[in-house]
There are 2 protein chains.
Amino acid sequence: MTIKMIENPFAERIQGISPSFIREILKVTSNKDIISFAGGLPNDALFPLKQLKQASQSAFDKNGSTLLQYSNTEGNLELRRWIAQRYQSQNLAISEEDILITNGSQQALDLLGKIFLNKNDGILIENPGYLGALQAFRLYQAKFLPIAIHEQGLDLNELQQILSKNNPKLIYTVPNFQNPTGISYSEENRQAVAKQIAKTDCYLIQDDPYGELRFSGEIKSNFHTLLPQQTILLGSFSKTIAPALRLGWIVAPKAVMKKLIIAKQAADLHTNSFSQYILAQYLADNSFDQHLSRLSAYYGQQKIIMETAIKKYFPEKAKLTNPEGGLFLWCTLEKQVSTLDLFQEAIKQKVAFVPGESFYTGNIQKNTMRLNYSCADKGAIEEGIKRIGNVLRRSNYNGMPLI
Amino acid sequence: MTIKMIENPFAERIQGISPSFIREILKVTSNKDIISFAGGLPNDALFPLKQLKQASQSAFDKNGSTLLQYSNTEGNLELRRWIAQRYQSQNLAISEEDILITNGSQQALDLLGKIFLNKNDGILIENPGYLGALQAFRLYQAKFLPIAIHEQGLDLNELQQILSKNNPKLIYTVPNFQNPTGISYSEENRQAVAKQIAKTDCYLIQDDPYGELRFSGEIKSNFHTLLPQQTILLGSFSKTIAPALRLGWIVAPKAVMKKLIIAKQAADLHTNSFSQYILAQYLADNSFDQHLSRLSAYYGQQKIIMETAIKKYFPEKAKLTNPEGGLFLWCTLEKQVSTLDLFQEAIKQKVAFVPGESFYTGNIQKNTMRLNYSCADKGAIEEGIKRIGNVLRRSNYNGMPLI
């Protein structure tokens, strides 16, 4: 049989796009004898396994065949009410009609791209920023407008300059424990960002998968309060309960919600309703706050262990962010270090992280790295950091002094 | 607070698209005292509820926290192997690497649109055709090229004419128990369609959600056999096991699969893996064939009951298709009847169906209707058809003689 090859039949939007670099890294690091700080997974020992098993039984008993039938596009009403009530307890004016349940917040990004972005439409992106968002928006051929992120949040000068020259449709933010840096925007930074965005026709996306995983510091204002008519909130149960359920949500103003529902219907009719019933049951039967306290305390300890090891084993000039929650530390090494080269050496020592350059859409800082502390245990964190430190301290790494 | 209205910030692709008409109809018909032939739902009394409850418990016990963690984009390996083996038992050369698990086959349509369709790219569509496909492809601003569908399948003259004038990227087909008509392509028709498509660079999508629900007639060739390098198969567990799981799949040639995986990752990382484990467990522990026999026998009886009632109560000139499986009958009334008007009258008599015109992308036949027989019970089918028949037989319906 001759093989018929159809010459490049694909759409322009997917030309030249390769699988995510992180996906390729994760393939390398799935080997069990590698200590991996590369992923961004929640620690599976903390999943409420027993409680979800119980909730799944109750969901069968309580709902019968309704549990298995087609459901509505917006999502399970009980689950949306629970989410709305949680927002209300944080003084946010959000009701169940403002919420659409999605397949994790990744789908929320895809749907937002679909309803908003024409080719070459501008979107402000944190630099460095979340790879999943870049992947989703890239397929709508958006024009990325990177804005530097500092310890206090977005660079306000860059924001002002870019807004004065462009007319972006969207700004994508992760103001709490950002991926990849772990940084949170300060209260002042949020106020200033909101003030600038209020003058524009831009919608602000606050993606908040880690916001509930705070182990220190104070809760800051939600953009929904600062900029209610222009804010789109994304939430997720992937980091707090279980990623396999693929349950996230979008909170959006009514005109936006109408379009989202059309796009969601065309995308997959509705989110897995079997899992929605089970999660709603779990949330009715258990204390989410108690569960979160346990997660946050654990991740807080892990972060300190990694931080301490880095101070002990990395060159003195290595700089770290100081996250108050979430899953990541961000390390900046001396200018001449390429963490991509470092990664190749570290893998030989059976330890992995994500080189920072993948996260940039402009002004790439090759001397940065993302370190995940949620999954490795205490001993592995110490050992892994020590190994990376040893590579860094070698005087003749790749023919170049590293420190 | 003044309300800030951002003037039409939305992407061109979603301008002027309204929520699906069927969705609106289903809202009207969700009222319990309406006899509805409008939906396309599987009968929930036939769901393997007890077995899925058992499988969900086993999946927890067997997989532990892996059941709840992030998983791979392609989908659960055991589930993909099961699907591949089922194809192999039907003499189709398909392995697990050829399969991507999606959120129902609706997501498969969305992903195919995303990787293939530039604005104004041509796509051949059965006329009348499946609304979900129209919705998905419309958002990629495809140019629909309708081809009439007859009792034997696609109109081969129309196909040839359209292919000679256009260079479509895709042809979308539902060759078994088509939605909305219930028609299956004959063996000869499949051969002839494959022969024509083989001369082009067009990919043929065989969407097959109902193929396993055969209650009479012979199995016909799969396009994967007739046109292996150009066929993309879609499958779904929504009609055979349970729609709430949102589990479907795509079988595609390797070059297409690569792009699909990039698009799937950007769309939602991966399909709900919790449900995939549970379904794989169910399929390991139960006989799918036995379950299917039960479904098919039931739907076959329902179809006969509806057909018999239509012959009894509808005007003599009403024409029916003769499905060998699936969930739908398609009825063509006399030329002057508008089933949209009929729908308004039928709703007053508390009975619903879908007016045929929603399904057309060209050459609209306003005198057609889709009748679903899977959900209503025997008495309700008889009563509902009788009520529609009564409306049809009124001499002065809407000022116009109907028959």
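In the next few minutes I will talk about how the parts of this predicted model touch one another, going from the domains within chain A to the contact between chain A and chain B.

Let me begin inside chain A, where the domain assignment gives domain 1, made of the two segments 12-47 and 290-399, and domain 2, which covers 66-285. If you take the centres of these two domains over their C-alpha atoms, 25 Å separate them, and the contact between them takes 31 residues from domain 1 of chain A and 33 residues from domain 2 of chain A.

Which elements of chain A each supply at least two residues of the side of domain 1 that touches domain 2? They are the helix α11, at 288-313, and the strand β11, at 328-332, and it is α11(A) that gives the largest share of that side, with 6 residues. By class, the residues on this side of domain 1 of chain A divide into 16 nonpolar, 12 polar and 3 charged.

Now let us turn to the two chains, whose contact takes 64 residues from chain A and 63 residues from chain B. On the side of chain A that touches chain B, at least two residues each come from α2 (49-63), α4 (104-116), α5 (131-138), α9 (254-268) and α10 (273-285) of chain A, and the largest share, 8 residues, belongs to α9(A). How many residues of each class does this side of chain A have? There are 34 nonpolar, 18 polar and 12 charged residues on the side of chain A that touches chain B.

How values were computed:
Residues numbered from 1 in each chain as written. Chains lettered and ligands numbered in written order. Predicted model: local features only at pLDDT ≥ 70, side-chain atom pairs only at ≥ 80, totals over all residues. Domains from an automatic or database assignment. Contact = placed C-beta atoms within 7 Å. Helix = DSSP H or I, 4+ residues; strand = E, 2+ residues; numbered from the N terminus. Nonpolar A, V, L, I, M, F, W, Y, C, P; charged D, E, K, R; others polar.
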